[in-house]
Amino acid sequence: MNEADPIANLVLRLAELGRAHPSAPDLTRIEPFEPFFHHGNLDALHLDKRDGALTRREVLTRLLLLSAVLDQGPDILGLREMVTRFTNELYRREIRFLHKPILFFEELGIAIEQLLEQHEAVRKLRAGDWAAANRTNPRRYNLFMDNAHQALGYAVFRWGVPLALIYLLERESDGRETVTALLDYLESYPSTEIMTQQLKDHTRYGLGKAIGDKAAHLFGKWLVTSYPLTRRTDDLAWQGLSYEVPYDSNAGRVLWRTGYLLHWASEEDYLHYQVLQPRRGKGGMTYIRVTNLRGKPLGKDRLFTAALKDAYDDVCRRHLKTHRRAPAKVEIQRIQHAYLLRLNQQHQPPFAAGHFDDGLIYVGTTFCFNHAQPDCSRCPLRDLCRGYNETPALITAYRT
């Protein structure tokens, strides 16, 4: 334990938990891709083996991109179950939409039929557990996003946009072989972080509102760390610290309750950043909108050691490649990268940003529930948590 820096202890604990409890879609349950795995592990030696018109590496990348776009909703387990069931059912019907994206649109009627059918199946499977964990009514269970119920809009917007990107990249290959069309495009960017930004914002190829910043970074995490599919393994800008952590509601809740966020800025700062939104949370509590934290600077009265600043600058210049020289400000959402870089000087194999994120997901979904009585007594962060040990209001007065 580093008693001089409790934040270092917290980052290390979360990274260790994340490495032990990874969070990513279980691709081994996708029936056509079972040969890509051996005893549950990705067969990394044969990723460039052809599977029809594509390499295994390419088709898995396509599935991860689609999954990241869809992995935005109230029940992660339910969403992933629906994607698995839908994909298996369409491939059983020889609608190989990941290999040939145009088939999704040509068979849109079948796709919509299956989305409705599989959503109902998952609702019956998951609604009770989801409602109990969130202390809400199971009738509110809905995976279609934005509380909508229209399968057509969901199919075309959430499923159709990423599949249209892949189709467009294939069509614009200028006659070149398209076995790795998506990967070639993604790896044309200087770093994973820049790729995730352009995946959303590029004027021609950006997915726009179909993918959020969180989902784009989730895809970067999966591509580099969870299922390492990138071919640029000798480049720091495509390794474990080359993408921002995809902060979500679990991250916001855990980092607020433990005191991590308050270490870097004051409550007034977070109100100004609209990360804290009074009376907008469940039950009239203060709502923590952690997505508003992106790009926000360290509080003016907060200390950042020279060693941490050096590590932070190194991350921005050589890993994320968002800066050519030392950045003028420290952004709160990137601070754990500086700690992880320093921790990796003593820990092998090195920790990735994805391990930190997986630790947040594990704690947030298993112990740190979004209500006033989370399972603190069993939480592996309880000895490091400010809300549990000092300030109970950090738990009882805020919601995500």
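Which side chains does a polar contact of 2.8 Å join? They are the side chains of Asp 75 and Arg 126, and that pair opens this set of close-ups of a predicted model.

**View 1. Asp 75 meets Arg 126 through a polar contact.** Look for Asp 75 in the loop between helix 2 (56-70) and helix 3. Its relative accessibility comes out at 4%, so Asp 75 counts as buried. The contact to the side chain of Arg 126 spans 2.8 Å.

**View 2. Phe 86 and Phe 97 make one of the aromatic pairs.** Searching the whole structure turns up 24 aromatic pairs. In this one, the ring centres are 5.8 Å apart and the planes sit at 65°, so Phe 86 and Phe 97 go down as edge-to-face. Phe 86 belongs to helix 3 (residues 76-92) and Phe 97 to the loop between helix 3 and helix 4 (102-106), so the pair ties together parts that are 11 residues apart in sequence. Both Phe 86 and Phe 97 are buried.

**View 3. Phe 104 and Trp 159 form a stacked pair.** Here the planes are at 5° with the ring centres 6.3 Å apart, and because stacking is called for planes under 30 degrees apart, the pair of Phe 104 and Trp 159 is stacked. This one links distant parts of the chain: Phe 104 comes from helix 4 and Trp 159 from helix 6 (residues 151-171), 55 residues apart. Phe 104 is buried at a relative accessible area of 0%, and Trp 159 is buried with 0% too. Zoom out a bit and the rings of views 2 and 3 turn out to belong to one aromatic cluster, made up of Phe 33, Phe 36, Phe 86, Tyr 91, Phe 97, Phe 104, Phe 105 and Trp 159.

**View 4. The model holds a cavity with several cysteines around its centre.** The whole-structure search finds 1 cavity of 30 Å³ or more. The volume of the largest cavity is about 110 Å³. It is lined by 13 residues, and the closest to the centre are Arg 257, Cys 368, Cys 376, Cys 379 and Cys 385. Sorted by class, the lining of the largest cavity has 10 nonpolar residues, 1 polar and 2 charged.

**View 5. The second largest pocket draws on helices and a strand.** This pocket has a volume of about 680 Å³. Among its 31 lining residues, those closest to the centre are Val 224, Thr 225, Pro 350, Ala 352 and His 355. Four elements give two or more residues to the lining: helix 1 (6-20), strand 2 (41-42), helix 9 (213-226) and helix 15 (353-366). Helix 9 supplies the largest share, 3 residues. The class tally for the lining of the second largest pocket is 15 nonpolar, 14 polar and 2 charged.

**View 6. Strands 5, 6 and 7 build an open sheet.** The order is 5-6-7 and the pairing is mixed. Strand 5 (276-277) and strand 7 (398-399) each have a single partner strand and stand at the edges, so one side of each is left without a neighbour in the sheet. Strand 5 runs antiparallel to strand 6 (residues 286-288), and 2 bridges join them. In that pairing, Leu 276 stands opposite Ile 288 in strand 6.

**View 7. A few backbone angles deserve a second look.** Most residues other than glycine have a negative phi, and most peptide bonds are trans. The bond from Gln 348 to Pro 349, however, is cis, with omega near -5°. Pro 349 sits in the loop between helix 14 and helix 15. Gln 274 is not a glycine, yet its phi is positive at about 60°; you'll find Gln 274 in the loop between helix 12 (267-272) and strand 5. Lys 321 also has a positive phi, near 55°. Lys 321 is in the loop between helix 13 and helix 14, and it is partly exposed, with a relative accessible area of 37%.

**View 8. Two buried charged residues: Arg 253 and Glu 331.** Arg 253 has its place in helix 10 (residues 249-257) and is buried, with a relative accessible area of 5%. Glu 331 lies in the loop between helix 13 (306-319) and helix 14 (335-343), and at 14% relative accessibility Glu 331 counts as buried.

Definitions and conventions
Residues are numbered from 1 along each chain as its sequence is written. This is a predicted model: local features need pLDDT of at least 70, side-chain atom pairs count only at pLDDT 80 or more; totals for chains, interfaces and linings use all residues. Side-chain values use heavy atoms; hydrogens and water are left out. Rings of Phe, Tyr and Trp (its six-membered ring) pair if their centres lie within 6.5 Å; planes under 30 degrees apart count as stacked, over 60 as edge-to-face and the rest as tilted. Buried means under 20% relative accessible area, exposed over 50%, partly exposed in between (1.4 Å probe, protein chains only). On a 1 Å grid over the protein atoms alone, a cavity is a set of points where a 1.4 Å probe fits but cannot get out, and a pocket is an open set with protein on both sides within 12 Å along at least five of seven lines; lining residues have an atom within 4 Å of a point. Grid points are joined across faces, edges and corners, and a volume is the space filled by probe spheres set on the points. Ala, Val, Leu, Ile, Met, Phe, Trp, Tyr, Cys and Pro count as nonpolar, Asp, Glu, Lys and Arg as charged, and the others, Gly among them, as polar. Two strands pair if DSSP finds at least two bridges between them. A polar contact is a pair of N or O atoms within 3.5 Å; within protein, one must be able to donate a hydrogen and the other to accept it, and residues adjacent in sequence count only if both atoms are side-chain atoms.
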